[in-house]
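Colleague: Before I rely on the labels attached to this chain, I would like to hear the reasoning behind them. Could you take me through it, label by label?

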Amino acid sequence: GKLRRLSILKVDQNKLIQLTDSIGDCESLTELVLTENQLQSLPKSIGKLKKLNNLNADRNKLTSLPKEIGGCCSLNVFSVRDNRLARIPSEISQATELHVLDVAGNRLTYLPLSLTTLKLKALWLSDNQSQPLLTFQTDTDPETGEKILTCVLLPQMPSEPGCQDNLPRCGALESLVNEMSDETWNERAVNRVSAIRFLEDEKDEEDNEMRTLLRRATPHPGELKNMKKTVENLRNDMNAAKGLDSNKNEVNNAIDRVTTSV
């Protein structure tokens, strides 16, 4: 905390279980990298870092963020990817310079409505997200009555290969297994199968399986080109066959006319 002129602090890939409260006294910090440690929380004093513009705490064990994070008024990039966050404090909107927010790979059920006041250029919710910004809808949290933001990628839930039948999944919505251990949470599913399940009272599992729509892999562009050529060749062959048939009909009609004239 006495390092008042320290501007960059990188302590990634260690075994830190906590960050000292005195970090807030490092008033000149502009970049703080805490990636790949074992942090479960960030100190409230972090909100005193008025010059901080890059804060990265990816791949830790964060379960919550202090509301004081909004005090980082110069923060441009804030990344907490792959943690255990269930919510983002609404006070984050006080960090008015925030442009990039990465919260992918957490346990979020919704986002605070206050995010709409920020001029975000990128908001990352999913590892395979194709666009930096998504279309959100406003909703109401049934437990608190709070106005919230939601989208197709929320709630964020872990994908576990052995538990695909526990809950319905659609697109980026993934199964959340009750009483999941932290070790299980950290395991990555190698092959994710997205499915739409129609929840009806079925007599047997076979019917259930028949009523499941599975997303199939998109063909390689080269395969698509070959498929296109095949279709075009078939179309040309059909057109040629039709042309022969029409020519035959014209010849037959001409013979009939000649025969009639004779």
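Modeller: Gladly, with the reminder that this is a predicted model. A good place to begin is strand E9 (residues 147–150), which pairs with E8 in the antiparallel sense over 4 bridges.

Colleague: What makes E8 and E9 count as paired strands?

Modeller: Pairing requires at least two bridges between two strands, and E8 and E9 have 4 bridges. Among the partners, Gln-137 is matched with Thr-150 in E9, while Thr-140 is matched with Lys-147. In the hairpin of these two strands, 6 residues lie between them, and Gly-145 takes a positive phi near 80 degrees.

Colleague: How do you know that E6 and E9 pair, given their number of bridges?

Modeller: The threshold is at least two bridges, and E6 and E9, which run antiparallel, are joined by 2 bridges, so the pair qualifies. Leu-111 stands opposite Leu-149 in E9. Taken together, the strands form an open sheet of 3 strands in the order E6-E9-E8, with antiparallel pairing. Strand E6 (111–112) and strand E8 (137–140) have a single partner strand each and stand at the edges, so one side of each has no neighbour in the sheet.

Colleague: Why is Asp-102 called buried?

Modeller: The label applies under 20% relative accessible area, and Asp-102 has 10%, so Asp-102 is buried. Asp-102 belongs to strand E5 (residues 100–102). Leaving aside neighbours within four places in sequence, Asp-102 is in contact with Phe-78, Ser-79, Val-80, Arg-81 and Trp-124.

Colleague: What makes the approach of the Asp-102 side chain to Ala-104 a polar contact?

Modeller: The limit for such a pair of N or O atoms is 3.5 Å, and the side chain of Asp-102 reaches the backbone nitrogen of Ala-104 at 3.2 Å, so the pair falls within that limit.

Colleague: Which backbone atoms lie by the side chain of Asn-106, and is Asn-106 buried or exposed?

Modeller: Asn-106, found in the loop between E5 and E6, has a relative accessible area of 2% and is therefore buried. A polar atom of its side chain lies 3.2 Å from the backbone nitrogen of Asn-83, and a polar atom of the Asn-106 side chain lies 2.9 Å from the backbone oxygen of Val-103.

Colleague: Why is Leu-154 called buried, when the residue lies in a loop?

Modeller: The label depends on accessible area, with the cut-off at under 20%, and Leu-154 has 5%, so Leu-154 is buried. The loop in question runs between E9 and helix H1 (182–186). Leu-154 and Leu-108 are 46 residues apart in sequence, yet their C-alpha atoms are 6.9 Å apart in space.

Colleague: Which residues touch the most other members of the largest nonpolar core?

Modeller: That core has 38 residues, and Leu-34, Leu-55, Phe-78, Leu-101 and Leu-111 touch the most other members. Not counting residues up to four places away in sequence, Leu-55 touches Leu-32, Leu-34, Ile-46, Ile-69, Leu-75, Val-77, Phe-78 and Ser-79.

Colleague: How many disulfides are there, and are Cys-26 and Cys-151 buried or exposed?

Modeller: A disulfide needs a pair of cysteine sulfur atoms within 2.5 Å, and by this rule the count is 0. Cys-26 has a relative accessible area of 4% and is therefore buried; Cys-151, at 7%, is likewise buried.

Technical notes
Residues are numbered from 1 along each chain as its sequence is written. This is a predicted model: local features need pLDDT of at least 70, side-chain atom pairs count only at pLDDT 80 or more; totals for chains, interfaces and linings use all residues. Side-chain values use heavy atoms; hydrogens and water are left out. A nonpolar core is a set of buried Ala, Val, Leu, Ile, Met, Phe, Trp, Tyr and Cys residues joined through side-chain atoms within 4.5 Å. Buried means under 20% relative accessible area, exposed over 50%, partly exposed in between (1.4 Å probe, protein chains only). Contact means heavy atoms within 4.5 Å. A polar contact is a pair of N or O atoms within 3.5 Å; within protein, one must be able to donate a hydrogen and the other to accept it, and residues adjacent in sequence count only if both atoms are side-chain atoms.
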